[in-house]
Amino acid sequence: MNPLLTVENLTVHYGAIQALRGISFSVNQGEIITLIGSNGAGKTTTLHAISHIIEKTSGTIMFNGANISALVPDKIVGAGLVQVPEGRRIFANLRVHDNLEMGAYLRKDHAGIKQDIEMVYNIFPRLRERFHQLSGTLSGGEQQMLAMGRALMSQPKLLLMDEPSMGLSPILVDEIFGIIRRINDAGTTILLVEQNAYRALGIAGRAYILETGEIVQSGSAVDLLRDDRVKNAYLGTS
Ligand SMILES: Nc1ncnc2c1ncn2[C@@H]1O[C@H](COP(=O)(O)OP(=O)(O)O)[C@@H](O)[C@H]1O
Ligand SMILES: [Mg+2]
């Protein structure tokens with residue numbers, strides 16, 4: 001199978017600090033892959049380097065058969081690689097509906113945009129109920145839904161998700177992860193980065209474990225859930 005995304009030997013520095021030390025991983029079409037790591041491991045840095053929000057020092061990033069390293073972020077979004085940022089980053093002073101329209105900023109197919117907004121409202125009925133509400137006044141869970149809905153408006157082939165469970169109650173995490181699964185079932189490939197290893201391994205097919213800028217372990221999620229080292233370090237059980 002040809003991977004949809006291949007990251008090879010990715011290295012990133014912030015000044016003198018090396019945040020990523022040559023990581024390599026791949027995501028196949030249709031998969032949910034998770035990159036697990038504690039705070040500061042380099043998860044966000046990895047996603048930002050893929051989306052070209054930050055410059056990498058070295059490495060190769062192939063998406064859908066093409067080297068995307070030199071593309072500006074808008075072109076990467078246009079190619080179908082779309083990030084849902086950590087901490088949601090919705091436009092707080094815009095209404096829900098306007099945030100969703102902003103997600104389609106690169107598109108010109110007005111009928112398709114209308115159809116996709118309807119699709120997003122069907123996935124997230126709570127957003128439909130609040131379509132006129134200022135986004136900054138949404139709850140944390142609703143803001144996560146809006147951030148996901150906005151990303152879907154860019155018609156992603158691959159969705160990069162940065163810690164969607166952060167700050168949410170267990171019930172809301174259930175809801176959000178259920179929706180991630182539905183989005184995947186509908187054909188979108190997912191790269192999920194999470195500190196919440198237990199939840200992430202529960203939804204992913206394969207996983208990579210990132211520690212201080214290096215991938216130290218990888219395998220099927222089922223195997224990693226049973227692995228003693230993973231249990232001790234990330235699952236709080238042994
Ligand atoms: N803009 C920045 N300037 C300097 N160091 C940074 C910057 N962003 C992240 N870092 C450092 O890079 C490392 C990885 O950070 P990050 O990718 O945000 O980790 P994670 O998302 O896994 O919590 C950390 O040591 C962090 O302090
Ligand atoms: Mg982060």
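How do the residues of the shell around ligand 1 divide into nonpolar, polar and charged? In this predicted model, the shell is made up of Tyr14, Ala19, Ser38, Asn39, Gly40, Ala41, Gly42, Lys43, Thr44 and Thr45, and these residues divide into three that are nonpolar, six that are polar and one that is charged. Among the elements of the chain, helix H1, which spans residues 43–50, gives the most to this shell, contributing three residues.

Several polar groups of the protein approach oxygen atoms of the ligand, and both backbone and side chains take part. From the backbone, a polar atom of Gly40 is placed 2.7 Å from an oxygen atom of ligand 1. From the side chains, a polar atom of Lys43 lies 2.8 Å from an oxygen atom of the ligand, while an N or O atom in the side chain of Thr45 is found 2.5 Å from an oxygen atom of ligand 1. On its own, ligand 1 has 560 Å² of accessible area, of which the protein covers 59%.

The model also contains an open sheet of six strands, arranged in the order E6-E7-E8-E3-E9-E10 and showing mixed pairing. In general, the strands of a sheet pair through backbone hydrogen bonds, and they may do so in a parallel or an antiparallel manner. The edges of this sheet are formed by strand E6 (81–84) and strand E10 (214–220), each of which pairs on one side only. On average, and with direction ignored, neighbouring strands of the sheet are turned by 15° against each other.

At the E10 edge, strand E9 (residues 206–211) and strand E10 run antiparallel and are joined by six bridges. Within this pair, Arg206 stands opposite Ser220 of E10, and Leu210 has Ile215 of E10 as its bridge partner. The two strands form a hairpin with two residues between them, in which Thr212 adopts a positive phi near 35°.

Helices are packed against the sheet as well. Helix H6 (residues 140–152) touches E6 and strand E7 (158–162), and the direction of this helix makes about 170° with that of E6. Helix H10 (residues 228–235), by comparison, lies across strand E3 (32–36), E9 and E10, and runs at about 60° to E9. Strand E10 is therefore described by two kinds of neighbour, being an edge strand that pairs on one side only, where pairing requires at least two bridges found by DSSP, and being one of the strands across which helix H10 lies.

Note on methods: Residues numbered from 1 in each chain as written. Chains lettered and ligands numbered in written order. Predicted model: local features only at pLDDT ≥ 70, side-chain atom pairs only at ≥ 80, totals over all residues. Heavy atoms only, no water. Helix = DSSP H or I, 4+ residues; strand = E, 2+ residues; numbered from the N terminus. Axes fitted to C-alpha atoms, helices over the stretch in contact; angles between N-to-C directions. Contact = heavy atoms within 4.5 Å. Near = heavy atom within 4 Å. Polar contact = N/O pair within 3.5 Å; in protein donor to acceptor, adjacent residues only side chain to side chain. Areas by Shrake-Rupley, 256 points an atom, 1.4 Å probe, with all protein chains shown as cover. Nonpolar A, V, L, I, M, F, W, Y, C, P; charged D, E, K, R; others polar.
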